[in-house]
Amino acid sequence: MLTYIIIISSVILTTFLFPRNNKVAIFWILVLCFLSMFRAETVGTDTSTYMDIFHMFKSYEYEDEYQLWGRGSEVLMSYLYLVVYNNSLSPRLIIAFMSVLTFIFLYLSLKRSKQPYSVGVLTFLILFFFNSLNISRQICACSITLYACTYLFENSWKKYLFFVFCLLASTIHSSSIICVVLYAIRYANFINVNKITLVVIACMLFIANVVLPFNISEILIARFGTSMYAELYSDRAITYSRSFMGLMQDFLVFTSLIAVFIYNKEKKPSKPELIFYLTILFAIISSNAHSDVSRIFLPITILFNA
């Protein structure tokens, strides 16, 4: 724990001292990647599961509808487990693969963004790094979708790379395919609502979700029937009460994101700002859900990092 406290403190300090020094930020990317690759099996709730190669290999044998729709699309991970299992290789290679891929695509995303690398690294560290030690496979896929979104507003043939990388991410974690809906933002020229109106809508949605939490399972089952993920998660999709500290944490996250959204004084939101606004809405909707359900929205909420 002391190591992580020192790392976090050092990243925060260097972000303020050298906010535009990309070499320092790249150094921290390498450090975080190293920590992720060589973490102990006791670090992270799923690390020991990934290390149980027999269990993971068997989990990709499609025996029911959930696995057919979910695991069946995760061909890259399936192939990786197959190679490691059949060749009696160290399961540590799976952890290393996901760690390296996560930070490569984080770096590539920062390289294509207009933000200082240090800000992106600090954001990832605070919001997503510790999740990456628990749900490594999904955070790895999310890092790829983050990179995919850097091509969302390209006008050349490169705009199609958005779909290429979204599909690549879905071969690691199937939930990543949800990001393809963001492509519609390219055609959002009809959006004439000013930021104040959008902020009011977000605030009303946040308050409504505190008073009467949204039942995501009912929405999923109404749309998809009893197939795919809806039935699987229907009994654990919602938390009807939260502690005071939990509500305060949600409030601080919400107000921080709203502050970032209105930081640019332009009255009408740009298309990238609309995507950021959508991440705020998804964060509100998923805030009262159990962690295994709210993770469905991770591919979109990781766009905070952009």
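## A tour of two helices and a methionine

H1 and H2 run roughly antiparallel to each other, so let's start the tour with that pair. Keep in mind that you are looking at a predicted model.

**Stop 1: the H1 and H2 pair.** Select residues 2-17 for helix H1 and residues 22-37 for helix H2. When two helices pack, people describe them by the angle between their axes and the distance between the axes. Here the angle is about 165°, and the axes lie 11 Å apart. Angles over 145 degrees count as roughly antiparallel, which is why H1 and H2 get that label. Turn the view and you can look for the left-handed crossing where H1 passes H2.

**Stop 2: where they touch.** Show side chains now. Which residues in H1 meet H2? They are Thr3, Tyr4, Ile7, Ser10, Val11 and Thr14. On the H2 side, pick Val24, Trp28, Val31, Leu32 and Leu35. Color this contact by residue type and you get eight nonpolar residues, three polar and no charged.

**Stop 3: Met77.** Jump to helix H6, residues 75-86, and click on Met77. Is Met77 buried or exposed? Met77 is buried, because its relative accessible area is 0%. Next, add Met56, which sits 21 residues away along the chain. Draw a line between the two C-alpha atoms and it should read 9.7 Å.

**Stop 4: zoom out.** Switch to a cartoon of the protein chain: 17 helices and zero strands. Of its 306 residues, 46% count as buried. Finish with a surface view, which covers about 16100 Å² of accessible surface, with 67% belonging to carbon and sulfur atoms.

Methods. Residues numbered from 1 in each chain as written. Predicted model: local features only at pLDDT ≥ 70, side-chain atom pairs only at ≥ 80, totals over all residues. Heavy atoms only, no water. Helix = DSSP H or I, 4+ residues; strand = E, 2+ residues; numbered from the N terminus. Buried < 20%, exposed > 50% of the residue type's maximum accessible area, 1.4 Å probe, protein only. Axes fitted to C-alpha atoms, helices over the stretch in contact; angles between N-to-C directions. Parallel < 35°, antiparallel > 145°, perpendicular 65-115°, else oblique. Left-handed = near helix turned anticlockwise from the far one by under 90°. Contact = heavy atoms within 4.5 Å. Nonpolar A, V, L, I, M, F, W, Y, C, P; charged D, E, K, R; others polar. Areas by Shrake-Rupley, 256 points an atom, 1.4 Å probe, with all protein chains shown as cover.
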